[in-house]
Amino acid sequence: MGITAEYQSAFTSSFQEFFGNAKDVGWELYHLSSEPENDFPSWLTFTIRNPLGGRALVFRYHSLENKFYAHLKVQVIPGEENWSLDQLFHKKGYTDLDADDILSSGGEWLFFSLARHYFGIIISFCPRILEPDYFLE
C-alpha cells in the first residue's frame, strides 16, 4: 500500500470508528495529495467539512519535511481563519501531546496514531466542533 492510500485509509477508517458514516452525520470527507515527485507525494491532506457549519478540520502531512499540521478552518467574512488544533488542545488542557510527539513515536502505524489522537480528543472533549452555531428554520 502506498503512502497516499495508507494516509487515506488511516483517517477514513478512524473517522468511521469514532463518528460513524459521514453521510449519516452530514459531514463531507475529502482526500487530496500533491503530484508525486519520485513516486512520493510531497503533501497529503484529509479534510472533514460540515457544509452547514462553515467549519472544516484539515489534517495535512508534509512527507518531505516529516511535519504534520491539524487545523480548524472557520469561514468568516471576508475569508477564513485557521486555528491550530495542537494549540487549542494544549490551551484547553485536553492533551500534553502534539503532532511532533506522535511523529516521533508513531512507528509503522504513524497515520493511524495521528488520526486516533486527534479524533479521540475531539470525540471526548469537543464532539460538536463542526456543528453550526445556529440553524435556520
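**Exercise 1. Find the loop that holds Asn66, and work out what stands out about its backbone and its exposure.**

Start with the place: Asn66 sits in the loop between E5 and E6. Helices (H or I, at least four residues) and strands (E, at least two) are DSSP runs, numbered from the N terminus. The model is predicted, so local features need pLDDT of at least 70 and side-chain atom pairs count only at pLDDT 80 or more, while totals for chains, interfaces and linings use all residues. Residues are numbered from 1 along each chain as its sequence is written, and side-chain values use heavy atoms, with hydrogens and water left out.

Next, the backbone. Most residues other than glycine have a negative phi. Asn66 is not a glycine, yet its phi is positive, about 50°.

Last, the exposure. Asn66 counts as partly exposed because its relative accessibility is 38%; buried means under 20% relative accessible area, exposed over 50%, and partly exposed in between (1.4 Å probe, protein chains only).

**Exercise 2. Lay out the elements of the chain in order, then look at its overall dimensions.**

Count first: there are 5 helices and 7 strands. Now walk from the N terminus, and you get α-α-β-β-β-β-β-β-β-α-α-α.

For the dimensions, take the radius of gyration, which is 15 Å; a compact globule of 137 residues would have one near 14 Å, so the two agree. That radius is taken over C-alpha atoms, and the globule rule is 2.2 Å times the number of residues to the power 0.38. Along the principal axes, the C-alpha atoms fill a box of roughly 50 × 30 × 30 Å. As for burial, 40% of the 137 residues count as buried.

**Exercise 3. Which residues have the most contacts inside the largest nonpolar core, and which elements build that core?**

Begin with the term: a nonpolar core is a set of buried Ala, Val, Leu, Ile, Met, Phe, Trp, Tyr and Cys residues joined through side-chain atoms within 4.5 Å. The largest one has 34 residues, and Phe59, Phe68 and Phe119 have the most contacts inside it. Elements giving two or more residues to this core include helix H1 (3-19), strand E5 (55-62), strand E6 (67-75) and helix H5 (110-125). H5 gives the largest share, 8 residues.

Now zoom in on Phe68. Leaving aside neighbours within four places in sequence, its contacts (heavy atoms within 4.5 Å) include Tyr7, Phe11, Phe59, Leu103, Leu114 and Tyr118.

**Exercise 4. Compare Thr47 and Val74: where is each one, and what does each one touch?**

Take Thr47 first. It lies in strand E4 and is buried, at a relative accessible area of 13%. Beyond its neighbours within four places in sequence, Thr47 touches Glu28, Leu29, Tyr30, Ala56, Leu57 and Val58.

Then Val74, which is found in strand E6. Val74 is buried, with a relative accessible area of 13%. Setting aside neighbours within four places again, Val74 is in contact with Gly54, Arg55, Glu80, Glu81 and Trp83. His117 is 43 residues away from Val74 along the chain, and their C-alpha atoms are separated by 21 Å.

**Exercise 5. Is Ser13 buried or partly exposed?**

Locate Ser13 in helix H1. Its relative accessible area is 30%, so Ser13 is partly exposed. To finish, pair Ser13 with His62: they are 49 residues apart in sequence and 21 Å apart in space, C-alpha to C-alpha.
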